[in-house]
Amino acid sequence: MTSAKSLPVAIAQFTVAEEPERNLEILDGFARDAAAGGAKLLVLPEGLIARRGDDDSYAAAHAQPLDGPFVDGLRRISAQRHIVLMGTVHVAPEQGTERDADSRVSNTFLVIRDGEIIAEYRKLHLYDAFSARESDVVLPGDALPPIVDIDGWKIGVMTCYDVRFPETARSLAVRGADAIVVSAAWVRGPLKEQHWKLLTAARALENTCYVLACSEVSSRNIGCSRIINPMGEVVASAGDEGAELIATGLSRECLASARQIMPVLQNRRFADPQLRD
């Protein structure tokens, strides 16, 4: 596929409501506006089906199967608005499978294009930190995140806490990613906003990739969604309060220039074969 010189992208930052139907209404509004602005890709937060304040178990309790009404709604929005959607949902275990014996759900990153799920990724690194225990209700994945092609751009994906593990982003870069999408619900707290901004910029700079990082915004989560270029510069950003739609174009020229000036991927002297899987 021929690579587009520019890929118009957008990030929808908002507060995930308690009601799945309300979240689909919010998402459709953002998808409509993003598509009207020319965006081909809309990045969404983590845990889209339902959230309730500081109740970490609420999202898991509202998990649905992949063929349930919420994901059907996402597929419908993608098809009607002609835009690729990326974000995570909590998926209930399928009955009658090996997973059925474990009641925990999967935090699953979905890539939906033209109404079809073209990639899935189960969150590898669960948020068992800062006194939280995501693993109590979520089963971790066991495979590196995928890369998808959007208009000739190779887009890798990660989920929230994954961003603290540089080898995850590096695995995407060495497999050819031009950009990395991070879907998150980054919890507020001392230094947490600083961590978010530092880590997302570092993942862009050290891998000479664009990073599109979207966090849910609420009394619990920080927002501060941002798009960072391969030189670590923030080219679009949202604040820490309220819903926002931010957009920009990913530039092939900017990507190529960064990788020519700073060929860190070529200059690596040690490589872990597992990162190529």
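Trainee: At what angle do helix α4 and helix α5 pack, and how far apart are their axes?

Mentor: Keep in mind that we're looking at a predicted model. Helix α4 covers residues 166-174 and helix α5 residues 192-207; they pack at an angle of about 40°, with axes 10 Å apart. Angles under 35 degrees count as roughly parallel, so this angle makes α4 oblique to α5.

Trainee: Which residues make the contact, and is the crossing left-handed or right-handed?

Mentor: The crossing of α4 and α5 is right-handed. From α4 come P166, A169, R170 and A173, and from α5 come R203, E206 and N207. Sorted by class, the residues of that contact are 3 nonpolar, 1 polar and 3 charged.

Trainee: Okay, let's try another helix pair. How do α1 and α3 cross?

Mentor: Their axes come within 10 Å and cross at roughly 15°. That makes α1 roughly parallel to α3. The crossing of α1 and α3 is right-handed.

Trainee: What does each helix bring to the contact?

Mentor: On the α1 side, look for P20, N23, L24, L27, D28, A31, R32 and A35; on the α3 side, P69, F70, G73, L74, I77 and R81. By class, the contact of α1 with α3 has 9 nonpolar, 2 polar and 3 charged residues.

Trainee: Now the sheets. What order do the strands take in the sheet that holds β12?

Mentor: General idea to begin with: strands of a sheet pair through backbone hydrogen bonds, either parallel or antiparallel. Here, the order is β5-β4-β3-β2-β1-β12, an open sheet of 6 strands with mixed pairing. β5 and β12 (244-251) sit at the edges with a single partner strand each, so one side of each has no neighbour in the sheet. From one strand to the next, the twist averages 25°.

Trainee: How many bridges join β4 and β5?

Mentor: There are 6 bridges, and β4 (residues 106-113) pairs with β5 in the antiparallel sense. To find your place on screen, start from V111, which stands opposite A119 in β5.

Trainee: Which strands do α1 and α3 touch?

Mentor: Both helices pack on this sheet. Helix α1 (residues 20-36) touches β1 (6-13), β2 (41-43) and β12, and its direction makes about 40° with that of β12. Helix α3 (residues 69-81) touches β3 (84-91), β4 and β5, and its direction makes about 180° with that of β3.

Trainee: And what is the strand order in the sheet that holds β6?

Mentor: Read it as β6-β7-β8-β9-β10-β11: an open sheet of 6 strands, with mixed pairing. The edge strands are β6 (147-150) and β11 (234-237); each has a single partner strand, so one side is left without a neighbour in the sheet. Neighbouring strands of this sheet are turned by 20° against each other on average, direction ignored.

Trainee: How do β10 and β11 run, and what stands opposite R226?

Mentor: Antiparallel: 3 bridges join β10 (residues 226-228) to β11. R226 stands opposite S237 in β11.

Trainee: Last one. How many aromatic pairs does a search of the whole structure find?

Mentor: The search finds 6. One of these is Y127 with Y161, an edge-to-face pair at 5.6 Å centre to centre, with 75° between the planes. Y127 lies in the loop between β5 (116-122) and β6, while Y161 lies in the loop between β7 (153-159) and α4, so the pair ties together parts that are 34 residues apart in sequence.

Technical notes
Residues numbered from 1 in each chain as written. Predicted model: local features only at pLDDT ≥ 70, side-chain atom pairs only at ≥ 80, totals over all residues. Heavy atoms only, no water. Pairing = 2+ DSSP bridges. Helix = DSSP H or I, 4+ residues; strand = E, 2+ residues; numbered from the N terminus. Axes fitted to C-alpha atoms, helices over the stretch in contact; angles between N-to-C directions. Parallel < 35°, antiparallel > 145°, perpendicular 65-115°, else oblique. Left-handed = near helix turned anticlockwise from the far one by under 90°. Contact = heavy atoms within 4.5 Å. Nonpolar A, V, L, I, M, F, W, Y, C, P; charged D, E, K, R; others polar. Phe/Tyr/Trp six-rings, centres within 6.5 Å; stacked < 30°, edge-to-face > 60°.
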